[in-house]
Amino acid sequence: MDFIFQGFQASLPLWVYILIFISTTVLSWWSYSTIQSVPKKFRYTLITLRALVFGILLLVLINPFIKTETSYLEPANILVLLDNSASTNIQKADYQGRDSYNEVLNTLRFPESDAVNLNPLSFGNRVNPTSFDSLTFNDDQTDLSAAVEAIQGQENDINAAILVSDGIYTMGRNPIYETSDLEIPVFTIGVGDTTIQEDVLVSSISTNSSGYLNTTQSVTVTINSQGFQGASIPVELRKGDEILSTKTVVPEIENSSSEINFELLLNQEGLQQYEIHIPTLEGEWTAENNTQRFSIDVQDTKQRILSLALEVHPDVRFVRSLLLSDENTSLTNRTWLQGNRFIEGDFDVDPDSLDLVIIHGYPQTGLSADIETRLKLIIEEVPYIVAATPQFGAGRFEEEIAQLPVNAGDLRNYSPVTLHLNIENTDHPILELTPVTFNRLPPLAFPTDNIMPVTGTQVLFQSVHQGEPTGQPVITVQELGNRRQAMIAAFNWYRYQQNPNAEVQQFVRQLWQNIISWTATDPDNELLDMQPQKSSFSGSENVMFNASLVNERGESEPDANIMVTIQSDSMESRTYSMEHVNNGNYRLNLTPLPEGLYSFEGSAQKGDRVLDTQKGKFSVSASNAEFINTTRNDQLLRQLAQRTDGEYIPFDSLANFWDRLNGRELLNSQEKTETDFFYLHQHLGWFLLMILLLCAEWIIRKYLSLP
C-alpha cells in the first residue's frame, strides 16, 4: 500500500493557522510556567500535554488528507448476453431448441471460476441480470440493439463480450449501428437454424387509422408465403367472429410476397377493431403468425341542420353564414314566402336526415296546414331552436306545433335590452364563453310583456332594461327525453356581428355555436369515446389508449381530466391520467403489462362536473413476432463480430472456445489499483488520543493538588 500526502482542506489563510499555533503554545507555557511549587519535570509534562491537545485540535481544523493506493490482480471480466426470446426455443433441423441452447450454456460455464468472472445478462423484450439456469426462452420480442447498448455501458470494466443469439431482432434499431464506438471484442454465438420452413403469414396491414361513417376504406394486406407455390390461400377480413370478406392468394413462386386490397365499409361509429386471418394450411410450420389485428376510429362527418326562416330578418343571414363557415355542418335552407312556397324549393325535408332544425319566427296567419303538419312531424323527432323575430306568433306556434320553454303570449312591445348572466346556471356548457362586458354589448330587441320560463327549463341569460335586471328569460334551454330545445326570445343578434369590436363578434359567434351544438347533441350519446388501441396486445407491446371527448354541446373538449383505472385478476387496480394531444383527443401510453384479461374504466371530469364514464376490456397475450422470421441471421451476427474485432461461431462449432479467447490474452488477470483517501476528522482515534491527553493532565494536576 502506498501513502501519498495530498495536502490540507483548510478554509482560512496559512498565516491564521500559524498564529493560532503560536498562541496556543504560548498559552500552554503561560498556564504552568508561573507555578514554581511544582517540580520542573511535572511542570514541563503538563505544558507538553496541554500543547499537544491544542495541536491535535488545530490539526483536525486544517484537515490534512492522504491518498492510499493498493494494487491487486483482478480476474478477467467477461460479459455474457443470452437471447431469451421465443425464437431461440424453436426446433428446426439440427437445432433442438432448448436442448441445443443448454449445450451452449454448459460450454460457456468457465471451468475455473476463480480465473474468470462471467456476468450473464438476458435480453429479449428488455435487458435483465440473469443466471445460466434461469432462462425461460419465452420473450415475445427481441431487442438486439439494447443488448449492444448494455455492452457499451460496461466496456470499461470488461475484457470482452459474448453474445448468444439467432440474430433475429423484432424491435429496436439494427444492432450494427450501435457497434461503431465499441472498443472491446464481441464474440457472437449463433443459435437456431438457417432452414426455411413451409409457412404463410400476415406480414403487414396498411390503412388509415381513422375514417368516416358510411364510407368505404381501403385496407392493403401483405401476405408472405414459403413453400406454397400454386396453392390457394384464403385471407379473411374479420370483425370479432364475423367474416366480413374473403379473398384468395395464389403464390406463383416458392418464396412469395402478395399484396391484396379489401374495401371495408365503416358502418359503426367509434373505435372499431378488425383483424386479418389466414386459416391454418396443411403442412404449415406454425399458425402463430396467421393473424394480425388493426383498428379504425370511425367518425360521423357532418352535422345536418335545417334553417327554416318563416320571417325574413337579418338574424337569419347571420346564423346561416355562421353555419356555412363550419365545414362539419351540412346546411339545408328553406325561406318561406307564402302558402306552400319557399325560395329554395319544396318543404319536403325528411326528419331522419336532420340533427337539428332552427326556426326563425312563426307567422300569425298565412302558413298552410300542410306546412304546419310537416313542421310538427319534424319537431316531434328532431331537436330544435326557436328564434324570435319581430312578428313572432308564440301563441300560434304553441297551438299548432309544440310547447315552448317559456310562457308567453304573442310577443309585442319590444324594447332595447342587454344580457345578464343567470348565476344559477353558470356551469352550463353553453356558457363556456370568452369573457365580455355585457353592458357594453349592442342592445337586443326583447318584449316588455310578461314572459316566464316553464318549469324544468334552464334560463341562461336574462334581460336588463334601462340598467335594471328584469328577471325575464332571453335564452332558455330544456331537455325533453332524448331531445333538446332552446328558445331565444330576443332578436337583432346581427348587430353583434356588425360591431367593430372583435371581442363582441367573437362572443356572439361562440354563443350561437354553443347553442347550436348543445341542442343538436343527443343527451344520451356518449361524450367520452375511449378505447384501447387494440383489443389484444402482445406481452412486449406498450398498451395504448386513445380517447376523444366532447362536451354536452357536442364540441371537442381539450380541458378535461381523464382518469383511467386498469385492473385484472392478477394485478391490483392502477390509475393513470391521460394526456391531451389535440382537438379533444387524448392518449395514454403504458409500459407492457403481464398476460391476462384486463378491465378498464375511464372517467372524464371538468371542474366539478363529470362529463362521462366508459368501461371496457382488453387482453394481453403473447406476440407472434418471434414466429414471423425463424431463419438464423448469420450475416448480422458475423458483421457484429467483425466490426468489433471479435469472432462469429455457430452453436455446433464451440470446441476449444475458451482456448480462442485465451490465445488472444482476453482471459489474463488485470492489474487494478484501488484508491482511498484518509481524512483526519473522519477517524475516532484522534479524538480518543485527545481525551487520553486531557485525562493524563487531570491526573497529574490532582496528584500535585493543583486546583
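Biologist: Which residues point one way from β9, and which the other way?

Modeller: Keep in mind that this is a predicted model. In a regular strand, side chains alternate between the two faces of the sheet. In β9 every one of the residues on either side is buried. Val-186, Thr-188 and Gly-190 point one way, and the other way point Phe-187 and Ile-189.

Biologist: How many of the residues of strand β9 are buried?

Modeller: Strand β9 covers residues 186-190. It is largely enclosed by the rest of the structure, because the buried residues number five of the five.

Biologist: Which strands does β9 pair with, and in what sense, parallel or antiparallel?

Modeller: Strand β8, residues 160-165, joins β9 over five bridges in the parallel sense. Within that pairing, Val-164 has Ile-189 of β9 as its bridge partner. Four bridges link β9 to β39, residues 647-650, and there Thr-188 sits opposite Tyr-648. So the partners are β8, which is parallel, and β39, also parallel.

Biologist: Moving to the helices, is α2 roughly parallel or antiparallel to α12?

Modeller: Helix α2 spans residues 40-62 and helix α12 residues 684-703; they pack at about 155°, with their axes 10 Å apart. An angle over 145 degrees counts as roughly antiparallel. That makes α2, relative to α12, roughly antiparallel.

Biologist: How do the residues of the contact of α2 with α12 divide into nonpolar, polar and charged?

Modeller: The crossing of these two helices is left-handed. From α2 the contact takes in residues including Phe-42, Leu-49, Val-53, Ile-56 and Val-60, and from α12 residues including Trp-686, Phe-687, Met-690, Leu-694 and Ile-700. Arg-50 of α2 takes part too, as do Glu-697 and Arg-701 of α12. By class, the split is 18 nonpolar, one polar and three charged.

Biologist: And what handedness does the crossing of α1 and α2 have, left-handed or right-handed?

Modeller: Helix α1, residues 14-33, packs against α2 at about 160°, with the axes 8 Å apart. That makes α1 roughly antiparallel to α2. The crossing is right-handed.

Biologist: What classes of residue make up the contact of α1 with α2?

Modeller: On the α1 side, residues including Tyr-17, Ile-20, Phe-21, Thr-24 and Trp-29 take part, and on the α2 side they meet residues including Tyr-44, Ile-47, Ala-51, Phe-54 and Leu-58. Leu-46 and Arg-50 of α2 appear in this contact, and both also belong to the contact with α12. The classes are 14 nonpolar, four polar and two charged.

Biologist: What covers the buried residues of α5?

Modeller: Helix α5 covers residues 314-324, and its buried residues are Asp-315, Val-316, Phe-318, Val-319, Arg-320, Leu-322 and Leu-323. Both strands and helices are in the cover. It includes β18, β19, β21, α8 and α9.

Biologist: Which strands stand at the edges of the open sheet of four strands, β30-β32-β36-β35?

Modeller: The pairing in this sheet is antiparallel, and six bridges join β32 to β36. Ala-547 there stands opposite Tyr-586 in β36. The twist from one strand to the next averages 25°. Two strands have a single partner each, so one side of each is left without a neighbour in the sheet: β30 and β35.

Biologist: In the sheet β10-β12-β15, how many bridges join β10 to β12?

Modeller: This is an open sheet of three strands with antiparallel pairing, and its edge strands are β10 and β15. Asp-199 stands opposite Gln-226 in β12. The bridges joining β10 to β12 number seven.

Biologist: Is Ser-415 buried or exposed?

Modeller: Ser-415 is found in strand β24, residues 414-421. Leaving out residues up to four places away in sequence, it touches Leu-444, Ala-445, Phe-446, Thr-448 and His-465. Under 20% relative accessible area is the cut-off for buried. At 14% relative accessibility, Ser-415 therefore counts as buried.

Biologist: What about Leu-367: what relative accessibility does it have?

Modeller: Leu-367 lies in the loop between β21 and α6. Not counting residues up to four places away in sequence, Leu-367 touches Leu-310, Trp-336, Tyr-362 and Glu-372. Leu-367 counts as buried, with a relative accessibility of 9%.

How values were computed: Residues numbered from 1 in each chain as written. Predicted model: local features only at pLDDT ≥ 70, side-chain atom pairs only at ≥ 80, totals over all residues. Heavy atoms only, no water. Pairing = 2+ DSSP bridges. Axes fitted to C-alpha atoms, helices over the stretch in contact; angles between N-to-C directions. Parallel < 35°, antiparallel > 145°, perpendicular 65-115°, else oblique. Left-handed = near helix turned anticlockwise from the far one by under 90°. Contact = heavy atoms within 4.5 Å. Nonpolar A, V, L, I, M, F, W, Y, C, P; charged D, E, K, R; others polar. Buried < 20%, exposed > 50% of the residue type's maximum accessible area, 1.4 Å probe, protein only.
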